[in-house]
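Visitor: I would like to take a close look at a single part of this structure, and I would be glad of a careful, connected explanation.

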Amino acid sequence: MGFKVKGLGKSSIREKTLIIEKCVQGGAGLARLPSGSVCFVDGALPSEAVEIKLTEQKRDFARANIVKILEPHPKRRNPPCPYYGKCGGCNAQHAEFDLQIEVLRQIVLDLFSRIAKISLPQNFEIHHGSQWGYRCRAKLKNNGFQMRGSNKAIPIEKCMVLSDKLNEELKSTKKTYLFDNQSEKFLGKHIHADERVFFQSNLELLPKLMQEACKAAGEGELLFDIFCGVGLFSAFLQSKFERIIAIEQNPMCKKFAEKNLGKNCEFYAMDAEEWNGFGGCILIDPPRTGLTNKLCEKLKGDKIIYVSCNPATLARDSRKLLDKGYKLVDIQGFAFYPQTFHLEMMAVFS
């Protein structure tokens, strides 16, 4: 018969039992309704049998919440945080950490198979650091965090993923943004930034990304650092290249970049699409939306190092670069946000 949600009230939404096939981008479990259409189940893990209640149904897909877990994954756990499920931050605490990493790996493999039409190595590396106390940056709402699925705030006495210093500030601050820049502790040099501009939240794992990016870039005459922010990558690559051109649309980053970058670095506060074209070695770290077709067409370097905060748009843009004649020579994952199903990646094309 399949599912049909009739009427306007939630009472019309029926409960059914489903088997979860896999997790998808964002962490929801994917199952099939009796009709064959896809159902995304919040909080479900692969291979679980769950009783669900539909919360939304469209023509091509449905969404559901778990009513009861009939057959749990062996590595499902009780979330250790008392705010889990109410706070809008973490969404993976119900899985043991090694399972979180494996779920992220399978999500990426699936994305690249479906979107980029290529098979990645089954054991491609995902780097990670501490599971707890890693965040050196946070956005508050009314001295708490935004609730899941709501614009309201939930008061938090202590956040398990925040650094000790930020948890101390959490007790008394009236600020909206918290930022504990310990870059000199983790990177060996102080990178100038504050809470008003983007800077990586996990400074423990950041040196590994910097190490891998610098190794991939090597050295040469010219490096383009696109979406450079405050010039983080350029700050560590400026001794390896004769000239660096750093481009960032956010003008607030300029004063920090001027402190972080040397005389061989030129900073331009502009839209990268306005630049004529990019050659040499290109390091690009776009927003979650990835590369526009116009910008992708302007990439003509010998090497492209693509740092991504969204594996789905990375898979899409990888297909674009492969169609332009580039080859994917390396890909790695960086689990900057343990206890969430968020993964950052670095792909190298030549």
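What is the order of the strands in the open sheet of eight strands?

Guide: In this predicted model, the open sheet follows the order β7-β17-β18-β16-β15-β12-β13-β14, and its pairing is mixed. The edges are held by β7 and by β14, which covers 265-268, and because each of them has a single partner strand, one side of each is left without a neighbour in the sheet. Helix α4, made of residues 206-217, packs on this sheet and touches β7, β13, β15, β16, β17 and β18, while its direction makes about 165 degrees with that of β16. Helix α8, residues 311-323, lies across β16, β17 and β18, and runs at about 165 degrees to β16.

As a general point, the strands of a sheet pair through backbone hydrogen bonds, either parallel or antiparallel. Both senses can be followed here from β17, residues 328-334: with strand β7, residues 126-127, the pairing is parallel over two bridges, whereas with strand β18, residues 344-349, the pairing is antiparallel over six bridges. On the β7 side, H127 stands opposite F334 of β17, and towards β18, Q332 has M346 as its bridge partner.

Note on methods. Residues numbered from 1 in each chain as written. Predicted model: local features only at pLDDT ≥ 70, side-chain atom pairs only at ≥ 80, totals over all residues. Heavy atoms only, no water. Pairing = 2+ DSSP bridges. Helix = DSSP H or I, 4+ residues; strand = E, 2+ residues; numbered from the N terminus. Contact = heavy atoms within 4.5 Å. Axes fitted to C-alpha atoms, helices over the stretch in contact; angles between N-to-C directions.
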